[in-house]
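Reader: I would like a close look at how the two chains of this model are related and how they meet, and after that at the sheets and helix pairs within them. Please take the parts in turn and connect them where you can.

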2 protein chains.
Amino acid sequence: MSIKLKAITAPPSKEELSNRLKKVRNLMKQQDLDYFISFDPVNIYYLTNFAFYVHERPFILVIPKEGLPKMLIPLLEKGHFEQRALIDVDSITYYEFPARSGENWYDYYQKLIKKDSKVGIEPAMPMGIANKTPGKKIVSEIVEEARIIKSEYEIGRTIHACRVVNKGHKVLLKKCRPKVLLFALYREVTNAMTSKIVQDIPNANFKATETTGAVWPPSISHDPHLIPHIFAEMEEGGPHVSIVQAQVDGYGVEIERTFFLGNVPEKAKKPFATMFEARAIAYDLLKPGTIMSDIDIKVRKFITERGYGDYILHRTGHGLGITGHEAPYIAEGYDRPLEQGMLVSVEPGIYIPGIGGFRHSDTVLITDSGYQKLTRAPETLEDLTIKI
Amino acid sequence: MSIKLKAITAPPSKEELSNRLKKVRNLMKQQDLDYFISFDPVNIYYLTNFAFYVHERPFILVIPKEGLPKMLIPLLEKGHFEQRALIDVDSITYYEFPARSGENWYDYYQKLIKKDSKVGIEPAMPMGIANKTPGKKIVSEIVEEARIIKSEYEIGRTIHACRVVNKGHKVLLKKCRPKVLLFALYREVTNAMTSKIVQDIPNANFKATETTGAVWPPSISHDPHLIPHIFAEMEEGGPHVSIVQAQVDGYGVEIERTFFLGNVPEKAKKPFATMFEARAIAYDLLKPGTIMSDIDIKVRKFITERGYGDYILHRTGHGLGITGHEAPYIAEGYDRPLEQGMLVSVEPGIYIPGIGGFRHSDTVLITDSGYQKLTRAPETLEDLTIKI
């Protein structure tokens, strides 16, 4: 293991951010770009440490192939930007949206990019911004690419974020009993996580912090993206499926478990065991060099052979970083090898109407020789059958 | 007054949603469009009542000029979509992102649009989606336009949402005392609002519900978009500036006040009075037919004449609807007349480093002959000087 597994809570150093910019510029060079324009708040946060909410007043980061990047911001956000941004950047403010003629954001924006230049833009860039962007535009996932392999610093932040969800999940399993309302449970779990966050990081950025602590009780756990009613009651038996997620001062992680209150219905045993084994198949393959689609194909094949092929609703896993859902994907169709420093979820699922949902998920780091789970909670059926 | 001012908490009727679709189709006809494509979750919510979080799995609404609209959704979201969507629509699911060759979202998407057709797309549509969209594409703010004038139903929902923030603001003024931590205050105010929401709308959609209840204490109130430290303490004196906002089961509103704890510093009196008069100027002009930029110009002129021109950081107001920030804008450069059924904020502000910020904001309905404030809280300096 050449990666240090140490939790970090400090903001990124200048060097960390400068390395991220270097990665982006190396990729720009490969594509022979004169500029790269970032509008996606996730990418801007990655490069600057400044988090914001996108509204009608645009924030745009212009990265020339050399020299200081330029950041276009609304006047109203100047103080906020200076408070949080940690890279050297020329900031240019515009007054408002809309503004008097000649003083709109695009009047300033268009001066930042030389005509006839080759300009990389994000797939997420809205048409309304792209149409105001000068030069020859090329859609390119440069920053998304830079974000795929994590630095030691990012891993340290993620380790800390995982401690937050581990704590949340512990509270969840302790408080989840038949008749408890989802609403009450949600408050307890998210309050526990928020308290830990502000204790560990008193200056945490709440524009980049969010917590979720929910349970899908057995009556709806077969439908994982249905939003449960806030007055839904926890039920005896199971499967219940927990979802504990957090973005902790910029770093997104998750932990999920299938669990039972008091007893395990007979018909739930085989699907649980199948999910459990499917997970083991995925973990066995989880090391640098494995093609990600191969994992998903093998996991699906196994579940299908066990008779549950019709009850698969999603891929085996996804990447995590600033967001809780991003590249790389452990999914058929994503033919890229795992590499050291990637962060992925491992979460094969089976969803059977009338019986329920079966899914564990963890946040997992790919190491030089295999993997390291960063989240922790009970895993076996025995440990996840809670006495009531 | 021809608009009934009655709070509504029920979900939209089929007729309400059908009228919204009709508005959009009328605008499509004016632009001779064969299809309009909506990707923006706000617009999709407006048209379908389905709220979701945008991630790497796209949700796309395809509106042909006639016949049922089609909605492309990830398989995982089918149950969720059926739970919340209230319009008649053909829903088409795709398995995952990414997916095996030939089964990706765009393979299905491209079949929904006839080649060589004229296709309207949103300014917010990302390049990555636009590039997969067939036909001759025209960027057009059709749904944004349809959303500007509110129906009686939308007004009723907004009246209810305003009651929620009114309650939140009342709690805020009651609990805000010197030494109280922002963190504690925030929890009390948002808990009070959330409790009212779930009491009034037990089935509220929490993907379209959010509450904020914060105060900028005098040491930072001059910088309205700086995010205060969660352990910031409320201070004696002022100006404090409150921000109480909510999206209540889909409808976004705000109320903000400049207030003082115990005493009003001498140097705060003139800026408060100026803000108060600027506000009166705006309200005097607030009726159908007034050009919105004219209001902003007159308000700025007045503030400038009083010597505070350098301390203006933003326009006089913005529209509200599903979001708390949208067209129309009471801003120089926005040369459109006010119309009955618009919802706007009125919030001229003055921000003086070393003294503080001065801003009241209300959510206001434009009526047939003038306006009606939908939010309510004390307004005068006397009433906003709280005994401690």
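**The pair of chains and its parts**

Author: In this predicted model, a turn of 180° with a shift of 0.0 Å along the axis lays chain A on chain B with an RMSD of 0.0 Å. That is the relation of a two-fold axis. The two copies use the same surface for their contact, since 100% of the contact residues of chain A recur in chain B. Among the residues of chain A, the one whose C-alpha comes closest to the rotation axis is Pro126(A), at 2.1 Å.

The contact itself takes 48 residues from chain A and 48 residues from chain B. On the side of chain A that touches chain B, the elements giving two or more residues are helix H3 (78-84), helix H5 (127-130), helix H8 and strand E12 (326-330) of chain A. By character, the residues on this side of chain A divide into 25 nonpolar, 14 polar and nine charged.

Helix H8 of chain A, one of the elements just named, also has a partner within its own chain. Helix H7 (residues 152-175) of chain A packs with helix H8 (residues 182-200) of chain A at an angle of about 150°, and their axes are 9 Å apart. Because angles over 145 degrees count as roughly antiparallel, H7(A) is described as roughly antiparallel to H8(A). H7(A) passes H8(A) in a right-handed crossing. On the H7(A) side the contact includes His160(A), Val164(A), Val165(A) and Leu172(A), while on the H8(A) side it includes Leu185(A), Val189(A), Met193(A) and Ile197(A). The residues of this contact of H7(A) with H8(A) comprise nine nonpolar, two polar and five charged.

A second helix pair, here described in chain B, can be read in similar terms. The axes of helix H9 (residues 266-284) and helix H10 (residues 292-305) of chain B come within 9 Å and cross at roughly 155°, which makes H9(B) roughly antiparallel to H10(B). Their crossing is right-handed. In H9(B), the residues Thr274(B), Glu277(B), Ala278(B), Ile281(B) and Ala282(B) meet Ile295(B), Lys298(B), Val299(B), Phe302(B) and Ile303(B) in H10(B). In this contact of H9(B) with H10(B), seven residues are nonpolar, one is polar and two are charged.

Turning to the sheets, chain A has six strands that form an open sheet in the order E4-E3-E2-E1-E5-E6, with mixed pairing. Strand E4 (90-94) and strand E6 (136-139) of chain A are its edge strands, each pairing on one side only. From one strand to the next, the twist averages 25°. At the E6(A) edge, strand E5 (residues 118-121) of chain A runs parallel to E6(A) and is joined to E6(A) by four bridges. Within this pairing, Gly120(A) has Ile138(A) as its bridge partner in E6(A).

In chain B, six strands likewise form an open sheet of mixed pairing, in the order E4-E3-E2-E1-E5-E6. Strand E4 (90-94) and strand E6 (136-139) of chain B stand at the edges with a single partner strand each, so one side of each has no neighbour in the sheet. Strand E1 (residues 35-38) of chain B runs antiparallel to strand E2 (residues 60-64) of chain B, and four bridges join them. In this antiparallel pair, Tyr35(B) stands opposite Pro64(B) in E2(B).

Technical notes: Residues are numbered from 1 along each chain as its sequence is written. Chains are lettered from A and ligands numbered from 1 in the order in which they are written. This is a predicted model: local features need pLDDT of at least 70, side-chain atom pairs count only at pLDDT 80 or more; totals for chains, interfaces and linings use all residues. Axes are lines fitted to C-alpha atoms, for helices over the stretch in contact, and angles run from 0 to 180 degrees between N-to-C directions. Angles under 35 degrees count as roughly parallel, over 145 as roughly antiparallel, 65 to 115 as roughly perpendicular and the rest as oblique. A crossing is left-handed if the near helix is turned anticlockwise from the far one by less than a right angle, and right-handed if clockwise. Two residues are in contact if their C-beta atoms, placed from the backbone, lie within 7 Å. Ala, Val, Leu, Ile, Met, Phe, Trp, Tyr, Cys and Pro count as nonpolar, Asp, Glu, Lys and Arg as charged, and the others, Gly among them, as polar. Copies are superposed by least squares on the C-alpha atoms of residues with pLDDT of at least 70 in both. Two strands pair if DSSP finds at least two bridges between them.
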